[in-house]
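Let's take a walk through this protein together. Keep the structure open beside you and follow along as we go.

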Amino acid sequence: MAEPLAHRHEALRESISAIIAPLVVLIPLSIIGIWWSVRRGLRPVTLLQEDIRNRGSGNMMPIDRPELPDELHPIVIAVNNLLARLKSALMAERNFAANSAHELRTPIAAALAQTQRLRAEMPAQDANTARAEHIETSLHRLKRLSEKLLQLSRAEAGVAVVGDLQDLSPALLLVIEDFSRDPRYIHRIAVDFTGHDTLLGKIDIDAFAICLRNVIENALIHSNDDDPVRIWASGGTETIPASIHVANQSPVVPPRILAKLTERFERNNPSSKGSGLGLAIVDTIMHQAGGKLVLLSPAHNRDSGFEAVLQLPGDDNSAA
């Protein structure tokens with residue numbers, strides 16, 4: 001009158017197997033298919049995201065993606081309009097800084113020459129001698145500041161980027177020779193480029209000279225008048241990029257201050273002669289070129305001092 005329970009259990013197991021077996025295969029395939037479809041559908045959004053991420057102060061080119069879906073074209077147009085306005089504002093700021101610094105150089109130099117002549121004509125015991133010296137010192141600082149502003153405007157304009165390797169040795173030797181001729185620094189420059197007669201890097205040679213001049217000047221200003229500034233090169237192989245090291249003797253800079261020294265107008269000692277722009281200029285140029293500015297305190301293998309390392313850009317740097 002009734003089917004045996006064993007037959008019913010067997011039929012139930014066969015039914016469950018017939019339902020679950022296809023699902024075990026279909027569910028992973030469905031997950032893979034959905035993932036692939038979503039990824040393919042979001043590919044244009046990813047490309048647009050990468051284009052927007054690559055835009056910055058050194059790259060204000062409009063986004064050109066004609067293959068994007070119609071739904072994304074309004075976003076591209078809005079971003080391009082924003083980039084155009086930002087580029088115009090940045091160019092206006094840079095031009096103003098460059099033109100102001102350039103125009104100020106002549107009157108500052110004239111005022112400095114007149115002050116120096118006035119000091120030379122003053123009697124030795126004149127009561128105004130100290131005031132004239134103070135004016136001369138202030139004019140020297142103003143002159144350096146105008147030069148730094150001009151360098152900063154050039155750095156922010158992206159002058160460092162080049163397509164080919166440059167031989168940086170002429171700029172390196174010229175800058176060091178220029179400092180060595182200065183009576184204040186003639187005995188303070190200690191150079192060692194043994195094994196690095198040629199120094200190659202993917203950076204504009206003038207931009208590299210600006211970087212080198214600023215790090216050497218920073219080392220000279222922030223050390224005692226009798227302490228030497230050591231300059232040497234390292235690396236320059238297929239695996240290790242070439243680097244220029246500039247080290248001076250000074251107290252150890254605290255880490256929290258060291259991390260901020262590449263910001264504008266940041267100085268370890270507010271009363272120092274520096275403008276607070278030199279390392280910011282170097283960091284901007286090296287970043288644009290694809291290199292890096294590394295600051296160390298204490299200096300490498302020393303208990304004190306300060307060291308600035310210019311790591312030249314590119315994996316194909318070499319030095320012979």
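Start at a small local detail: G290, sitting just after helix α7, takes a positive phi of about 95°. One thing to keep in mind from here on is that you're looking at a predicted model.

Now step back from G290 into the helix itself. Helix α7 covers residues 278-289. How far apart should the ends of its 12 residues be, at 1.5 Å a residue? The expected span is 16 Å, and the end C-alpha atoms turn out to be 17 Å apart, which agrees.

Is this helix mostly open or enclosed? Of its 12 residues, 9 are buried, so α7 is largely enclosed by the rest of the structure. You can pick the buried ones out on your screen: G278, L279, A280, I281, V282, I285, M286, Q288 and A289. And what lies over them? The cover includes two helices, α3 (129-156) and α5 (205-221), along with β6 (292-296) and β7.

Time to zoom out for a moment. The protein has 7 helices and 7 strands. Reading from the N terminus, the elements run α-α-α-β-α-β-β-α-β-β-α-α-β-β. Buried residues make up 33% of the 320 residues. Take the contacts between residues at least 6 apart in sequence: 67% of them join residues at least 24 apart. As for the outside, the accessible surface comes to about 19,800 Å², and 58% of that belongs to carbon and sulfur atoms.

Next, find strand β5, residues 243-248. All six matter here: 6 of the 6 residues are buried, so β5 is largely enclosed by the rest of the structure. Both of its faces are covered, with S243, H245 and A247 buried on one side and I244, V246 and N248 buried on the other.

Which strands does β5 pair with? One is β4 (residues 229-234), which pairs with β5 in the antiparallel sense over 5 bridges. In that pairing, A233 has I244 as its bridge partner, and R230 stands opposite A247. Another is β7 (residues 306-311), again antiparallel, this time over 6 bridges. There, N248 is partnered with F306.

Stay with β4 a little longer, as its two faces tell another story. Its side chains alternate: V229, I231 and A233 point to one face and are buried, whereas R230, W232 and S234 point to the other and are not. Strand β4 also has a parallel neighbour, β2 (residues 189-192), joined to it by 4 bridges. Here R230 turns up again, as the bridge partner of A190.

While you're at β2, look at D192, which lies in that strand. Is D192 buried or partly exposed? With a relative accessible area of 43%, D192 counts as partly exposed. Setting aside residues up to four places away in sequence, D192 touches I231, W232 and A233. The C-alpha atoms of D192 and I231 are separated by 6.3 Å, even though these residues are 39 apart along the chain.

I231 also leads us to the inside of the protein. The largest nonpolar core has 46 residues, and the members that touch the most others are F208, L212, V215, I216, I231, I244 and L310. Which element gives this core its largest share? That's α5, with 10 residues. A second, separate core has 8 residues, including M60, L68, V76 and V79.

To see how one core residue is surrounded, go back to I244. Leaving out its neighbours within four places in sequence, I244 is in contact with L172, F193, L199, F208, L212, I231, W232, A233, A308, V309 and L310.

Last stop: T129, found in helix α3. Its relative accessible area is 19%, and the cut-off for buried is under 20%, so T129 counts as buried. Beyond residues up to four places away in sequence, T129 touches M122, P123 and A124.

Note on methods: Residues are numbered from 1 along each chain as its sequence is written. This is a predicted model: local features need pLDDT of at least 70, side-chain atom pairs count only at pLDDT 80 or more; totals for chains, interfaces and linings use all residues. Side-chain values use heavy atoms; hydrogens and water are left out. Buried means under 20% relative accessible area, exposed over 50%, partly exposed in between (1.4 Å probe, protein chains only). Two strands pair if DSSP finds at least two bridges between them. The expected span of a helix is 1.5 Å times one less than its number of residues. Contact means heavy atoms within 4.5 Å. A nonpolar core is a set of buried Ala, Val, Leu, Ile, Met, Phe, Trp, Tyr and Cys residues joined through side-chain atoms within 4.5 Å. Accessible areas come from the Shrake-Rupley method with a 1.4 Å probe; for residues, only the protein chains shown count as cover.
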